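Visitor: Could you take me in for a close look at one part of this protein, the nonpolar core and what sits around it? I'd like the details in plain bench talk.

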Amino acid sequence: MPVPLTLDWTSASWQQACDALAQLTDALGTPIDPGIFETVVLLNLLGFPTVQSCEGHLDHGTAYPWVTVAEQALQRRYLQQWQQVCQLQEQAHQSGDPAALDRSYRALAELQLAQAQQGPASQARASDGSREER
């Protein structure tokens, strides 16, 4: 998952951006939703770093697509924290150690808390009706 952290978004091609973002997943291992993927790629290429998104669902959540945009330093910090969560989850899975599982849950909770504390002043949700992250 290091490509999104090291990719120079100011000079990246569409394909490089797609390849980088295709590597990202949520806590369940789910990639960016296909119906919002292109929007997320475009926003990042235009200098609007994204940290969350959803294509919208009729059976749960919201029925419309949305994207959370954050300033670049904040997005970088979230991605680094997310990488740490993924590493801790993998270590817990491999070791079977309950303490390792607790560390991974703690890291995930800290990331979610940090994102929640940013609030609407630092993050904006932009909805888009076209077809394309989660």
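Guide: Let's start with terms: a nonpolar core is a set of buried Ala, Val, Leu, Ile, Met, Phe, Trp, Tyr and Cys residues joined through side-chain atoms within 4.5 Å. Buried means under 20% relative accessible area, exposed means over 50%, and partly exposed is in between (1.4 Å probe, protein chains only). One caution: this is a predicted model, where local features need pLDDT of at least 70 and side-chain atom pairs count only at pLDDT 80 or more, while totals for chains, interfaces and linings use all residues. Residues are numbered from 1 along each chain as its sequence is written, and side-chain values use heavy atoms, leaving out hydrogens and water.

Now the core itself. The largest one has 17 residues, and the members touching the most others are Leu-21, Ile-32, Phe-37, Val-40, Val-41 and Val-67. At least two residues apiece come from α2 (14-21), α3 (34-45) and β2 (66-69); helices (H or I, at least four residues) and strands (E, at least two) are DSSP runs, numbered from the N terminus. Helix α3 gives the largest share, five residues. A separate core of 11 residues includes Val-51, Tyr-78, Leu-108 and Ala-114. As background, nonpolar side chains in soluble globular proteins tend to be buried together.

Zoom in on helix α2, where you'll find Ala-17. Ala-17 is buried, at 0% relative accessible area. Leaving aside residues up to four places away in sequence, Ala-17 touches Leu-7, Trp-9, Val-41 and Leu-45, contact here meaning heavy atoms within 4.5 Å. Its C-alpha atom is 8.5 Å from that of Leu-42, 25 residues apart along the chain.

Leu-42 turns up again on the outside: with Trp-14, Leu-46 and Phe-48, Leu-42 makes a nonpolar surface patch of about 410 Å². Such patches take residues with over 30% relative accessible area and no salt bridge, joining nonpolar side chains (Val, Leu, Ile, Met, Phe, Trp, Tyr) within 5 Å and like charges within 9 Å. A salt bridge puts a side-chain nitrogen of Lys or Arg within 4 Å of a carboxyl oxygen of Asp or Glu. Areas come from the Shrake-Rupley method with a 1.4 Å probe; for residues, only the protein chains shown count as cover. Trp-14 also belongs to helix α2, but is partly exposed at 38%.

To step back, the chain has five helices and three strands, and 39% of its 134 residues count as buried.
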